[in-house]
Amino acid sequence: MEKIEWDDVQRLVLSGYAGLPFSAYLFWHFVPGEVDAAKRWLGLLADRLTRATDRGSKQAVNLALTAHGLEHLRVSDSVLHSFSLEFLEGMAPKPTAETKFPRRSNILGDLGDSSPEFWEWGGWTQRRDIDGMLLLYAAGESELLSLVEAEINAMAGTEPTARQNGDPLIIDGRIYDDRKEHFGFKDGISQPVIEGSPKANGRKRGRNSDDADHGKKLTQEEKRILLVKAGEFILGYKNERRASISDVSVTKDSATRDIRRNGTYLVFRQLEQDVPAFNEFVAKTAERIYGLADESAREKVASLLVGRTREGHPLVPIERPPEADPRNDFLYYFEDRFGMACPIGAHIRRANPRDTIGPDADTALRLSKMHRIIRRGRPYGERLDTAEGRTAGKQATRGISFIALNADIAGQFEMIQHSWLNNTHFGGLYAGTDPLGHFSCARDVATIQDRPTNHYIDRPRPFVRVRGGGYFFLPGIEAVRALTT
Ligand code: HEM
């Protein structure tokens, strides 16, 4: 098996920093004409970056750069063009006289309310291009504030990007104790396991580990379903096609080292969630299907839209010991081929169809491993506490700071978004898109398979809206150093 240079990989690849529930994403740009100062700052920052091997840190600092940022650092044309086209183009390329609506926005379904025309940042109307982002994590709120302040003070040749009102563009991310996102579902359960990672090797986690995920030994079945080759997530290693993507050079010689090695692409999307509208839709649907909208009927409908209960248990029929953690070692083909338990169009079934899309179940599972992402997103904004019937904060905006890591944005994140979540014919359906998605189509229905007939529930509008986003590169530590020379 390939040996992965974990000490050169930023820790975000291995860990969602569950033990550091407070986070801030700080967006910045280089100050024109101050390249040397910026390079000195980057050199010092490289020493502070949290590596995959730094377990149990009390805080974490990771760094991601945009193509515009790399250009500013004056990397050669040949190096710049070794990065993928979609990264170079960015998530929201500006319209031109020939292309009124850029292809990439169409692929992502960033239309209507979610068009980059209306984004708060990263879209078509902002004056500043973003050059990079610091991802900052801490155990408590005050520790996070100190970390943000310290990092802003350390900046040289670089400054935080400002919002329209002049405030720095910082988006928060927060893991709550119950690990639920704003619609009320436990999140961050299903992740691919990287072959060659400590989790794949069943290594025990340290006492103060920042990663709640690993520690348990994987069963044979979990390995079959969840293990994915490192090259799907880290550049320079073999992927599920048994090739190294873009033929990243493996030389360790610093002069000829490929700056993509040990890095990965990071997709950031600020996805605003309209929680009251989602709750209303769930209640109305419960009324329609079950004739009443009590808590248990609402719970049932909500779980059918996602494919897991709010506590995270999958709907496919597998044993669920009481009090057990939600399981992730399930497939669909033999367990629930026709979607009678977990609707075919449910969010998790679209986002990872596991063994259902292909000529047979085994091939389908192999193919699905070519389209996985590591999710590192977290909720942002104040929580709408419906449990106590409180309405405080109803007007506040909230959502997910969605982060996906992958070695091939087009083949992984964009493929999932375009061909599965936004696809009205996903898995043989006739209409509708992802119930949690931002994209809507002419006949916007959620199909819930049932006997004697299916339910077709009209969705009034998407409950999620894209407010900003960008494609970034999360470089290896040596690559950050190489960029400073
Ligand atoms: C506001 C928007 C979103 C919300 C509220 C949301 C929520 C959830 C929840 C509750 C789960 C189940 C928990 C888990 O398996 O970890 C989940 C799983 C997942 N989501 Fe999302 N999600 C959103 C957007 C997206 C987007 C845009 C993508 C990809 C383009 C995505 C990809 C996935 C994937 C890959 C899984 C795991 C599926 C599996 O392996 O079974 N999600 N999401």
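These legends describe four close-up views of a predicted model.

**View 1. The iron atom of the ligand and His 347.** His 347 is the only protein donor of the iron. Its NE2 atom lies at 2.1 Å from the metal. His 347 belongs to helix H11, which covers residues 347–351.

**View 2. Cys 342 and Cys 441, without a disulfide.** A search of the whole structure finds zero disulfides. The closest cysteine sulfur to that of Cys 342 is in Cys 441, 19 Å away, which is too far for a bond. For Cys 441, the closest cysteine sulfur is in turn that of Cys 342. A disulfide needs the two sulfur atoms within 2.5 Å, so this pair does not qualify. Cys 342 is buried, with a relative accessible area of 0%.

**View 3. Strand E5 and its pairing with E1.** Side chains alternate along E5, residues 170–174. Ile 171 and Gly 173 point to one face and are buried. Ile 170, Asp 172 and Arg 174 point to the other face and are not buried. In a regular strand, side chains alternate between the two faces of the sheet. Strand E1, residues 22–30, pairs with E5 in the antiparallel sense over five bridges. Tyr 25 has Ile 171 of E5 as its bridge partner.

**View 4. Gln 126 in a loop.** Gln 126 sits in the loop between helix H5 (103–108) and strand E3 (132–138). This glutamine is buried, at 12% relative accessible area. Its side chain reaches the backbone oxygen of Glu 120 at 3.5 Å. A polar atom of that side chain also lies 2.6 Å from the backbone nitrogen of Gly 123. Leaving aside neighbours within four places in sequence, Gln 126 is in contact with Lys 94, Trp 119, Glu 120 and Trp 121.

Note on methods
Residues numbered from 1 in each chain as written. Predicted model: local features only at pLDDT ≥ 70, side-chain atom pairs only at ≥ 80, totals over all residues. Heavy atoms only, no water. Buried < 20%, exposed > 50% of the residue type's maximum accessible area, 1.4 Å probe, protein only. Donors = N, O, S within 2.8 Å, 3.2 Å for Na, K, Ca; no water. Helix = DSSP H or I, 4+ residues; strand = E, 2+ residues; numbered from the N terminus. Pairing = 2+ DSSP bridges. Polar contact = N/O pair within 3.5 Å; in protein donor to acceptor, adjacent residues only side chain to side chain. Contact = heavy atoms within 4.5 Å.
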